[in-house]
Amino acid sequence: MARVGVFVCFCGANIADFIDVPAVVEEAKKVKEVKVSVLYKYMCSDPGQQMIRDAIIQNRLTSVVVAACSPRMHEKTFRKALSDAGMNPYLLEVANIREHSSWVHQKDKKAATEKANDLIRMAIAKSIANEQLHEISVPVTKRALVIGGGIAGIQAALDIADARIPVTLVEKSPSIGGRMAQLDETFPTLDCSQCILTPKMVDVASHPYIELIPYAEVIELDGYVGNYKAKIKKKASYVNFDTCTGCGACTQKCPVKVPNEFNMNIDKRKAIYTPFPQAVPNKPVIDAEHCTMLLKGKCGICAKVCEKGSIDYKMVDEVIEREIGAVVVATGYDLWDPKPYEEYGVGRYKDIITSLEFERMVSASGPTNGVPLRPSDGKVPKNVVFIKCIGSRDEAKGIEYCSKICCMYTAKHAILLHHKVHDSHAYIFYMDIRAAGKGYEEFVKRAQVETAATYLRGRVSKIYKKGDKLMVRGEDAQIGQVVEVEADLVVLATAVIAPHENPALARLLGISYDKYGYLSEAHPKLRPVETAKAGIFLAGCTQAPKDIPDTVAQASACAAKVCGLFAGDTLKKDPMISTISNEFCSGCLNCVKVCPYQAIVTEEIPLGHGSKELRTVAKINEGVCQGCGSCVAICRSMAISLAGFTDPQIINEIVAI
Amino acid sequence: MITLGLQDQNTFLEAVNKKSGANVLECYQCGKCVSTCPVSGYMDFPPREIMQMIKLGLKEETMMANSMWFCLTCSACSGRCPREIDIPAVMEAIRHLAIEENYRSDNKKVKEIRKFHDIFLDMVKRYGRNYELRMMAEFNIRTRNLFKDMHLAPKALLKGKITIGHESTKSAKAIQKMYKLAGKLEKGEK
């Protein structure tokens, strides 16, 4: 015979003002299984919990109903109270009479009281069918996989490795460093980007706990939290990294010239190349699309000049496997192509460039040795117009969101322009100046006051050519007049967009992404680092546009999450997950389709007892299942049952209404 | 349409900054001055726009504006300016520049205000202080509006706000010296 205890909470005035709590307590006593029914002002407080513990022991209760706030709030609190009294914590039921009754029916106390009675009766009935459940233990492989070697991936890898957890860092290009390596100086302090980044890159390469795999991609991820198996494709570099000393003789002698993507195609690199002089690892790779030896079988100069014999034209892609427990995704961002801005003459006028092209030009190690030059005639520009929100906040041509970093880097570009070309003048067309961050507003003021950059509030309507100048027309809303600037160079602050590989990567990892291709976090405010899939975390711009400080902070947060996950030898998991009965499973596999966590796999079992013929049934992966119940609802043969929400429990609830 | 970038737009800005001691570049166009100013409604360009025009180097437009002549130098704007810009000093500076470089607005009110200033300074130069009755008379004659505010004269006389015959000042000579010195300084500066 079930012995149920009912504990009704006032929640101060939150519940008591709108529900007749004493009446509710009396009503609960009418149910014959209820042995105790009491009330208290704050049931979650220590005296309240003590009341529950005492009642469990004194009345030898078999289940407990707490009528209070949402289980999201205090289910854990009360479960612990049950455990402390020696009772299985899953014998608790919470009747949510605050959010579901007193808060939403404040105008009708009688109805609110009746609804509370119903909710409590349902909880009592359900609790009678509750079963003892036990936390599931899952083993953990203590190795993290970091995808992407930009500043986000570097920071996450270093922080995890510093906690003496092995990390595998996979980077698709030949060197780590990412976008930050392309930057000259960084706002708001004008730190040299290379100076603060390259030491970290070297740390990655030399860290005993980091395995760096450059020029590679993750092509498969199987398993579940703590027990993933990743397949990594190492692209053929045609250079044996083990013997190569990085002397650079091959890149010097190579006769094939290719546009240099690291310098935004402003200059050329060779077909065998290292992306930039400070690359880590500082070993060249052969660009198979352009190497004449690989394309036509002629040339072979690099092999001839290599003293170590490290060049291997026969090298092929290699797939390696790693067992890992957690994944940090840090694939960064791309830049929007401004081609749709035809009214600006993008593509027609050579002297319209993008911000990253400008950044490379003003970089001391860039293709123009730190001086911005007009692409048309190679002259140093005097009047430079910067146009913000190119593609950003433009529903017609680009994307709806704000790219977040352009206001700041454009202010930086105005300052850098002034540093590099003293008699120049910067004109900045803007819609708003968004400078929210430590030292950011002050930095913009520096651009406006010290550098005397002219800020013009308005979107440029058109650009046309007049002689060798570009006439940039827009409104200055500050004085309500149309202005035209005679410009030597126009710099477009193009929008930050998600890497085009993101959707494919998201499908491969089994995580979700938004309409722009950014990978989705589990909760926009309270779980910004986790994905909906346990053990996969997000760092940097792959989740949303953000600047370097925010990226580094999120990367370190990822590391903390990974370390937390690996803190014990096993992972504890909520036992409220699905189980499938093989006898009833018809093998339709509809459950596989609806599972949002890819937690259901297939299994071959004998057709009958001792039979040699096989049939396919669905099987739940305990490590992955989050207990959402989608499979239970779709299963035609009622073969699936969700612990804590079994059919008898639900039916009991319905009968009690 | 205004064309920028043809010449160095900072020349005018620097002249204003030098003369006023303020830095117009500090202005971030919040408009608090405009809503504070008691006479901004009468100006063709309220203070915020004047600041932006100076920044853009729009010298002609700024010099021909009526704003600086309407400015009362009450300093309500600068008292509330979040960037602590001395806006009345900027207005004063562009008044000076307009006189120095002989910019003359056709606006009737501006003409009157400038005459008023001239007559006032003349009174002080002559008598060492203001001689109200004569000032009123001269202003009315020079603006060709003989009977303007005449109805106020009896009341003002009775209250002692104006007097018949001027009161002499002991230091009239000293003030005249100051005028001479200022004149010399101004020429020296030019």
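User: How far apart do the C-alpha centres of domain 1 and domain 2 of chain B lie?
Analyst: This is a predicted model: local features need pLDDT of at least 70, side-chain atom pairs count only at pLDDT 80 or more, and totals for chains, interfaces and linings use all residues. Residues are numbered from 1 along each chain as its sequence is written, while chains are lettered from A and ligands numbered from 1 in the order in which they are written. Chain B has domain 1 (10-100) and domain 2 (108-189), with bounds from an automatic or database domain assignment. Their C-alpha centres are separated by 27 Å.

User: How many helices are there in chain B?
Analyst: Helices (H or I, at least four residues) and strands (E, at least two) are DSSP runs, numbered from the N terminus. Along the sequence, the pattern of chain B is β-α-α-α-α-α-α-α-α-α-α-α. Chain B thus has one strand, and its helices number eleven.

User: What is the distance between the end C-alpha atoms of helix H8 of chain B?
Analyst: The expected span of a helix is 1.5 Å times one less than its number of residues. H8(B) covers residues 108-127, which is 20 residues, so it should span 28 Å. The model agrees, with the end C-alpha atoms apart by 28 Å.

User: Which residue follows H8(B), with a positive phi?
Analyst: Phi is positive just after the helix, near 80 degrees. The residue there is B:Gly128.

User: What share of the 190 residues of chain B count as buried?
Analyst: A residue is buried if 20 or more other C-beta atoms lie within 10 Å of its own, exposed if 12 or fewer, and partly exposed in between, with C-beta atoms placed from the backbone. For chain A, with 657 residues, the buried share is 47%. For chain B it is 27%.

User: Which element gives the most to the side of chain A that touches chain B?
Analyst: Two residues are in contact if their C-beta atoms, placed from the backbone, lie within 7 Å. On that basis, 16 residues of chain A meet 16 residues of chain B. Strand S22 (425-430), helix H13 (440-450) and strand S26 (481-487) of chain A each supply at least two residues of this side. The top contributor, with seven residues, is S26(A).

User: How many residues of the side of chain A that touches chain B are nonpolar?
Analyst: Ala, Val, Leu, Ile, Met, Phe, Trp, Tyr, Cys and Pro count as nonpolar, Asp, Glu, Lys and Arg as charged, and the others, Gly among them, as polar. The side of chain A that touches chain B has two charged and six polar residues. Its nonpolar residues number eight.

User: Which residue of S1(B) is the bridge partner of A:Glu484?
Analyst: Two strands pair if DSSP finds at least two bridges between them. S26(A) and strand S1 (residues 2-4) of chain B run parallel and are joined by three bridges. Opposite A:Glu484, the partner in S1(B) is B:Thr3.

User: Why is one side of strand S20 and of strand S23 of chain A left without a neighbour in the sheet?
Analyst: Five strands of chain A make an open, parallel sheet in the order S20-S27-S21-S22-S23. S20 (352-354) and S23 (454-457) stand at its edges, so one side of each is free of a neighbour, because each has a single partner strand.

User: What angle does the direction of helix H12 of chain A make with that of S21(A)?
Analyst: Axes are lines fitted to C-alpha atoms, for helices over the stretch in contact, and angles run from 0 to 180 degrees between N-to-C directions. H12 (residues 406-420) packs on the sheet and touches strand S21 (383-390), S22 and strand S27 (489-494) of chain A. With S21(A), its direction makes about 170 degrees.

User: Which residue of S29(A) is the bridge partner of A:Val327?
Analyst: Another open, parallel sheet of chain A has five strands in the order S10-S7-S6-S18-S29. Strand S18 (residues 326-329) of chain A pairs with S29(A) in the parallel sense over three bridges. There, A:Val327 has as its partner A:Ile536.

User: Is A:Tyr597 buried or partly exposed?
Analyst: A:Tyr597 sits in the loop between helix H16 (590-594) and strand S32 (600-606) of chain A. Leaving out residues up to four places away in sequence, A:Tyr597 touches A:Lys533, A:Val624, A:Cys625 and A:Gln626. It has 18 other C-beta atoms within 10 Å, so A:Tyr597 is partly exposed.
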